Amino acid sequence: MKKLAIILILAVLPYVSNAQSYFDKYENMKDVTSMVMTSKMFKLLSKIDLESEDKETQEYLNLVENINNIKVFVTDDKDVSQKMRGDVNQYLKSSSLDELMRIKSDDGENIKFYIKPGSDEDHVRELFMYLEGNDSDKNGPETVILTITGNIDLKQVSKLANDLNIPGGKELKNVKKGN
């Protein structure tokens, strides 16, 4: 019985830490700019003593208090972009993410948003964005991977992405669970 429990735990473990194992290797990779913000940073932000009656400030504090982490990986390198594309495809096949929306811009950017359903219609457990750019003019990144995990309020997440200046953040304002 003990062996069965250990085998079961080992079988489930890769699915529990799925996003971490797929993309953490890019954190220290050459030609990749990365930003990783952990739950400790968000807990610290939520403890800031803001005695504000402003509803928007309170909503923002509630949002950051419920985020586990934000990870962003950006590259202009074609080889790294291909590796990222392969990892994203593997991750999407093995995870329980639902496609939320796709955007193809005039300048050749393809942006896809995926979610893992949350506690209600306005919340998700994971918001995943994958951006492939057109590097012919080198005006923007070739590839961006963004993953946000926690109890995420979709109404407030675009404000956070804009405040953190995350690539693709402006597209987040259109993200709604029903889209």
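K25 is partly exposed in the predicted model, with a relative accessibility of 46%. The side chain of K25 forms a salt bridge with that of D87, with an N to O distance of 2.9 Å. Because K25 belongs to the loop between α2 (18–23) and β1 (32–37) whereas D87 is part of helix α5 (residues 78–94), the pair ties together parts that are 62 residues apart in sequence. The acidic partner, D87, counts as buried, its relative accessibility being 8%. The value for D87 falls under the 20% limit for a buried residue, while that for K25 lies between this limit and the 50% above which a residue is exposed.

The loop between α2 and β1 also contains D31. The phi angle of D31 is near 70 degrees, a positive value in a residue other than glycine. D31 has a relative accessible area of 42% and is therefore partly exposed.

A search of the whole structure identifies five salt bridges, among them the pair of D87 and K25. Another of these contacts joins R85 to E132, whose closest N and O atoms are 2.5 Å apart. This pair links distant parts of the chain, R85 being located in helix α5 and E132 in strand β5 (residues 123–132), 47 residues apart. R85 is partly exposed at 32% relative accessibility. A salt bridge is also formed by the side chains of E126 and K116, at 3.8 Å from N to O. Since K116 lies in strand β4 (residues 110–117) and E126 in strand β5, this pair ties together parts that are ten residues apart in sequence. Both E126 and K116 are buried. In general, side chains of opposite charge can pair when their charged atoms come close.

The strands β4 and β5 belong to an open sheet of six strands, arranged in the order β1-β2-β6-β5-β4-β3 with antiparallel pairing. The edges of the sheet are formed by β1 and β3 (98–104), each of which pairs on one side only. On average, neighbouring strands of this sheet are turned by 10 degrees against each other, direction ignored. Helix α5, which carries both D87 and R85, lies across β1, β2, β4, β5 and β6 and runs at about 145 degrees to β5.

Within the sheet, strand β2 (residues 67–75) is joined by eight bridges to strand β6 (residues 143–153), and the two run antiparallel. In this pairing, N69 stands opposite T149 of β6. Six bridges connect β3 and β4, again in the antiparallel sense, and M101 stands opposite F113 in β4. The hairpin of β3 and β4 has five residues between the strands, and G108 in this hairpin takes a positive phi near 95 degrees.

Strand β4 is also paired with β5 in the antiparallel sense, over eight bridges. Here K112 stands opposite Y130 in β5. A hairpin through five residues joins β4 to β5. The salt bridge between E126 and K116 thus connects the two strands of this pairing.

Technical notes:
Residues numbered from 1 in each chain as written. Predicted model: local features only at pLDDT ≥ 70, side-chain atom pairs only at ≥ 80, totals over all residues. Heavy atoms only, no water. Salt bridge = Lys/Arg side-chain N within 4 Å of Asp/Glu carboxyl O. Helix = DSSP H or I, 4+ residues; strand = E, 2+ residues; numbered from the N terminus. Buried < 20%, exposed > 50% of the residue type's maximum accessible area, 1.4 Å probe, protein only. Pairing = 2+ DSSP bridges. Axes fitted to C-alpha atoms, helices over the stretch in contact; angles between N-to-C directions. Contact = heavy atoms within 4.5 Å.
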